[in-house]
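You asked for a few notes to get you started on this one. Keep the viewer open and go through the points in order.

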Amino acid sequence: QVQLVESGGGLVQPGGSLRLSCAVSGLPLDYNAVGWFRQAPGKEREFVAAIRDSDSSTVYQDSVKGRFTISRDKTEHTVYLQMNSLKFLDTAIYYCAATRFLRAAQALAIPNMYDYWGQGTQVTVST
């Protein structure tokens with residue numbers, strides 16, 4: 001079975017940094033994609049960033065561009081989300097998700113395009 005396990009969340013002060021990890025196992029195809037989503041209390045789940053395995057192309061939500069960087073380690077089967085200059089509004093549970101098949105860049109921001117989800121890791125930005 002496909003498994004995704006997030007880690008790296010925690011409590012950080014505004015302006016600080018965190019690096020989230022998503023360990024992926026069981027995906028049979030090389031051209032799949034992994035995305036990060038987040039959900040704050042009382043709000044809907046929203047797209048953060050995604051990376052395609054086929055060409056390593058990335059897509060970001062506008063609010064995190066220049067602050068967050070998604071990357072992958074193909075050897076370790078791990079996707080990372082480096083988060084810098086964190087703000088109060090970044091507080092949420094962060095989930096990683098994976099697709100089975102190649103998706104267009106525009107589709108990667110849609111939760112229903114993803115077939116597998118992790119359990120999430122809490123990120124809290126607070127003084």
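1. Start with the aromatic rings. This is a predicted model, and a search of the whole structure turns up four aromatic pairs. One of them is Phe37 with Tyr114, an edge-to-face arrangement with 5.2 Å centre to centre and 85° between the planes. Phe37 belongs to strand S4 (residues 33-39), whereas Tyr114 sits in the loop between strand S9 (92-98) and strand S10 (116-117), so this pair ties together parts that are 77 residues apart in sequence.

2. Are those two rings buried or exposed? Phe37 is buried, at a relative accessible area of 0%. Tyr114 has 5%, and because buried means under 20%, Tyr114 is buried as well. If you want to see the wider group, colour Phe37, Phe47, Tyr114 and Trp117: these residues form one aromatic cluster.

3. Have a look at Arg45 while you are there. Arg45 lies over the face of Trp117, at 4.9 Å from the ring centre, and Trp117 is one of the cluster residues. Arg45 also lies over the face of Tyr95, with 4.0 Å to that ring centre.

4. Next, the loop between S9 and S10, where you will find Pro111. At 31% relative accessibility, Pro111 counts as partly exposed. Which residues does Pro111 contact, leaving aside its neighbours within four places in sequence? They are Phe37 and Trp117, both of which appear in the aromatic cluster. Pro111 and Phe37 are 74 residues apart along the chain, yet their C-alpha atoms are separated by 8.2 Å.

5. Thr99 is in the loop between S9 and S10 too. With 0% relative accessibility, Thr99 counts as buried. Its side chain reaches the backbone oxygen of Phe101 at 3.1 Å. Setting aside residues up to four places away in sequence, Thr99 touches Leu27, Asn32, Ala33, Met113, Tyr114 and Asp115. Tyr114 in that list is the ring you met paired with Phe37.

6. Now the sheet. Four strands make an open sheet in the order S1-S3-S8-S7, with antiparallel pairing. Strand S1 (3-7) and strand S7 (68-73) stand at the edges with a single partner strand each, so one side of each has no neighbour in the sheet. From one strand to the next, the twist averages 15°.

7. Inside that sheet, strand S3 (residues 18-25) and strand S8 (residues 78-83) pair in the antiparallel sense over six bridges. To find the register, look for Ser21, which stands opposite Tyr80 in S8. S7 and S8 also pair in the antiparallel sense, again over six bridges, and here Asp73 stands opposite Thr78 in S8. How many residues lie between the strands in the hairpin of S7 and S8? There are four, and in this hairpin His77 takes a positive phi near 55°.

8. Strand S11 (residues 121-125) deserves its own stop on the tour. Thr121, Val123 and Val125 make up its covered face, while Gln122 and Thr124 are on the uncovered one. Three bridges join S11 to strand S2 (residues 10-12), and those two run parallel; Gly10 stands opposite Val123 in S11. S11 also pairs with S9 over three bridges, this time in the antiparallel sense. For that pairing, the bridge partner of Ile93 is Gln122 in S11.

9. Last, check Asp53, in the loop between strand S5 (46-52) and strand S6 (58-60). Is Asp53 buried or exposed? At 13% relative accessibility, Asp53 counts as buried, because the limit for that label is under 20%. The side chain of Asp53 makes a polar contact with the side chain of Arg72, at 2.4 Å. Arg72 takes you back to the sheet, since strand S7 covers 68-73.

Note on methods: Residues numbered from 1 in each chain as written. Predicted model: local features only at pLDDT ≥ 70, side-chain atom pairs only at ≥ 80, totals over all residues. Heavy atoms only, no water. Buried < 20%, exposed > 50% of the residue type's maximum accessible area, 1.4 Å probe, protein only. Polar contact = N/O pair within 3.5 Å; in protein donor to acceptor, adjacent residues only side chain to side chain. Phe/Tyr/Trp six-rings, centres within 6.5 Å; stacked < 30°, edge-to-face > 60°. Lys NZ or Arg CZ within 6 Å of the ring centre and 35° of its normal. Contact = heavy atoms within 4.5 Å. Pairing = 2+ DSSP bridges. Axes fitted to C-alpha atoms, helices over the stretch in contact; angles between N-to-C directions.
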